[in-house]
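Q: Could you take a close look at one helix in this model for me? I would like to know which way its residues face and what lies against it.

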Amino acid sequence: MSHPPRQAMIGITGRSGSGKTHLVARLLAVLRGRGLGVSTIKHTHHDIDLDRPGKDSWLHREAGAGEVMLATPGRWVLQHECAAGDPPALATLLGRMQRTDLVVVEGFHASVPACIEVYRPEVGKEPMFMRNDNIIAIATDRPDTPGLPPHLPVLDLADTRAIAEFALRHAVHITLDNT
């Protein structure tokens, strides 16, 4: 009997402007430097379009294709049209990706079982750890900030290697449905 594949993932979450993307880029360099395969999923609330009007793949989508794959010598991208008001679930997206050592998910803070929150008090927004119980650590440049929860590890935002080690130790393995 074969078992569905399992995928390790860790979330990086935080308020807009806190430095999530910069941390993910630094983590990628450290993890890849260790020989690990790493992929990412980036969630955004903004509507983006990778296509340009008039291009062949854009015409395919406009003509009604549910998915359009664009292949070049160096990469390929799959664009999948979602029904209005029906965004993809994180598990669906993970199920479409190749298995790798670790998937780092930026965003999807409500869907990732284990997240490291990037918290900078100067952003001026309420930290997410106050309302989300899936936050397992705080990465900050101000560890002396009053109100940080005593039950969560506080990581130095400048110590990318320590954050990478923490992420690897606390990554959650989920079983993916291959259907």
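A: Here is a walk around helix α4, followed by a short look at the strand β9 and at a cavity.

Happy to help, and please keep in mind that this is a predicted model. Helix α4 covers residues 160–170, and its buried residues are Thr160, Ile163, Ala164, Phe166 and Ala167. Looking down the axis of α4, you will find these buried residues within an arc of 165 degrees, so they line one face of the helix. The background is simple: an α-helix has 3.6 residues a turn, so residues three or four places apart point the same way. Turn to the other side of α4 and you meet Arg161 and Arg169, which are exposed.

What does the buried face touch? The buried residues of α4 pack against two kinds of element: the helix α1 (20–33), and the strands β1 (6–14), β6 (115–119), β7 (135–140) and β8 (154–156).

Next comes strand β9, residues 172–175, where threonine 175 lies. Threonine 175 has 48% relative accessibility and therefore counts as partly exposed. Its side chain makes a polar contact of 3.3 Å with the side chain of arginine 6. Threonine 175 and glycine 95 are 80 residues apart along the chain, yet their C-alpha atoms are separated by 9.3 Å.

Finally, the cavity: a search of the whole structure turns up 1 of 30 Å³ or more, and its volume is about 40 Å³. Among its lining residues are Glu117, Val118 and Tyr119, along with Arg15 and Ser18. The full lining divides into 3 nonpolar, 1 polar and 4 charged residues.

Technical notes:
Residues are numbered from 1 along each chain as its sequence is written. This is a predicted model: local features need pLDDT of at least 70, side-chain atom pairs count only at pLDDT 80 or more; totals for chains, interfaces and linings use all residues. Side-chain values use heavy atoms; hydrogens and water are left out. On a 1 Å grid over the protein atoms alone, a cavity is a set of points where a 1.4 Å probe fits but cannot get out, and a pocket is an open set with protein on both sides within 12 Å along at least five of seven lines; lining residues have an atom within 4 Å of a point. Grid points are joined across faces, edges and corners, and a volume is the space filled by probe spheres set on the points. Ala, Val, Leu, Ile, Met, Phe, Trp, Tyr, Cys and Pro count as nonpolar, Asp, Glu, Lys and Arg as charged, and the others, Gly among them, as polar. Helices (H or I, at least four residues) and strands (E, at least two) are DSSP runs, numbered from the N terminus. Buried means under 20% relative accessible area, exposed over 50%, partly exposed in between (1.4 Å probe, protein chains only). A polar contact is a pair of N or O atoms within 3.5 Å; within protein, one must be able to donate a hydrogen and the other to accept it, and residues adjacent in sequence count only if both atoms are side-chain atoms. The arc is that of the directions from the helix axis to the C-beta atoms. Contact means heavy atoms within 4.5 Å.
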